[in-house]
Amino acid sequence: MQIKKTYKEVNPELLYDEIKDFTQKQGVVMADAKLETYSSASDSSSFISRGTLTFKAQDKTSKAEKECVRAHIVGSAKGETKLMLDIDEKLFPEQKIAALQDDLDFVFGSYEVKPR
């Protein structure tokens, strides 16, 4: 399953930290985290951030930890910040997805750009 959201005037680093906390709250383990910041080509005082977070959960059949959620965040605090969540529904079930979305909507819902 893939969830895509666009936010207006949300600091991507704040979104990155909140995704990390909200997802771990659902009982999964952080596997990898990267956050990079780039200066804008047109304005050296503006920055674009890119973050990737990977989470693992234990597969009940094989008992091995497998990737269950991957979050991609790209954007700038002055403009739009885009979030894409890739979710393995076998390892991160619907109730956890709903709880994660509820947390995101509560904190960032007023900043979300709704599709037309």
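**Entry 1: Q26 and its contacts**

I looked up what Q26 touches in this predicted model. Leaving out residues up to four places away in sequence, Q26 touches F92, K96, A99, L100 and D103. I then checked where Q26 sits. Q26 is in the loop between α1 and β2. Is Q26 buried or exposed? Its relative accessibility is 14%, so Q26 counts as buried, the cut-off being under 20%.

I also checked two C-alpha distances. Q26 and I97 are 71 residues apart along the chain, yet their C-alpha atoms are separated by 8.8 Å. For Q26 and Q95 the separation is 9.6 Å, with their positions 69 residues apart along the chain. Q95 belongs to helix α2. I noted its surface too: Q95 has 60% relative accessibility, so Q95 counts as exposed, the cut-off being over 50%.

**Entry 2: the sheet**

Next I traced the strands. In what order do the 5 strands stand in the sheet? I read β1-β5-β4-β3-β2, an open sheet with antiparallel pairing. The edges are β1 (2–8) and β2 (29–39). Each has a single partner strand, so one side of each is left without a neighbour in the sheet. I looked up the turn between neighbouring strands as well. On average it is 10°, direction ignored.

As a reminder to myself, strands of a sheet pair through backbone hydrogen bonds, either parallel or antiparallel.

**Entry 3: pair by pair**

I went through the pairs that involve β5 and β4.

- β1 and β5 run antiparallel and are joined by 7 bridges. Here Y7 stands opposite T81 in β5.
- β4 (residues 65–75) and β5 (residues 80–87) pair in the antiparallel sense, also over 7 bridges. V69 stands opposite I87 in β5, and V74 has K82 as its bridge partner in β5.
- β3 and β4 pair in the antiparallel sense over 10 bridges. F55 stands opposite V69 in β4.

So V69 came up in two of my notes: V69 stands opposite I87 in β5, and F55 stands opposite V69.

I then looked at the hairpins. β4 and β5 form one with 4 residues between them. β3 and β4 form one with 6 residues between them. In the turn of the β3 and β4 hairpin, K63 has a positive phi of about 65°.

**Entry 4: the two faces of β5**

Which side chains of β5 are buried? I found an alternation along the strand. T81, L83, L85 and I87 point to one face and are buried. E80, K82, M84 and D86 point to the other face and are not buried. Two names return from my pair list: T81 is the residue opposite Y7, and K82 is the bridge partner of V74.

**Entry 5: the helices**

I turned to the helices. Helix α1 (residues 12–24) packs on the sheet. Which strands does α1 touch? I listed β1, β2, β3 (47–58), β4 and β5. The direction of α1 makes about 5° with that of β3. Helix α2 (residues 94–108) lies across β1 and β5. It runs at about 5° to β1.

**Entry 6: E9**

I checked one backbone angle more closely. Most residues other than glycine have a negative phi, and most peptide bonds are trans. E9 has a phi near 60°, a positive value in a residue other than glycine. I found E9 in the loop between β1 and α1. Its relative accessible area is 55%, so E9 is exposed, being over 50%.

**Entry 7: the largest pocket**

Last, I looked up the largest pocket. Its volume is about 190 Å³. Which residues line the pocket? I wrote down G27, V28, A57, Q58, D59, K60, K90, L91, P93 and K96. The lining divides into 4 nonpolar, 2 polar and 4 charged residues. K96 takes me back to my first entry, since K96 is one of the residues that Q26 touches.

Methods: Residues numbered from 1 in each chain as written. Predicted model: local features only at pLDDT ≥ 70, side-chain atom pairs only at ≥ 80, totals over all residues. Heavy atoms only, no water. 1 Å grid on protein atoms, 1.4 Å probe; cavity = no way out; pocket = protein on both sides within 12 Å on 5 of 7 lines; lining within 4 Å. Points joined across faces, edges and corners; volume = space filled by probe spheres on them. Nonpolar A, V, L, I, M, F, W, Y, C, P; charged D, E, K, R; others polar. Pairing = 2+ DSSP bridges. Axes fitted to C-alpha atoms, helices over the stretch in contact; angles between N-to-C directions. Contact = heavy atoms within 4.5 Å. Buried < 20%, exposed > 50% of the residue type's maximum accessible area, 1.4 Å probe, protein only.
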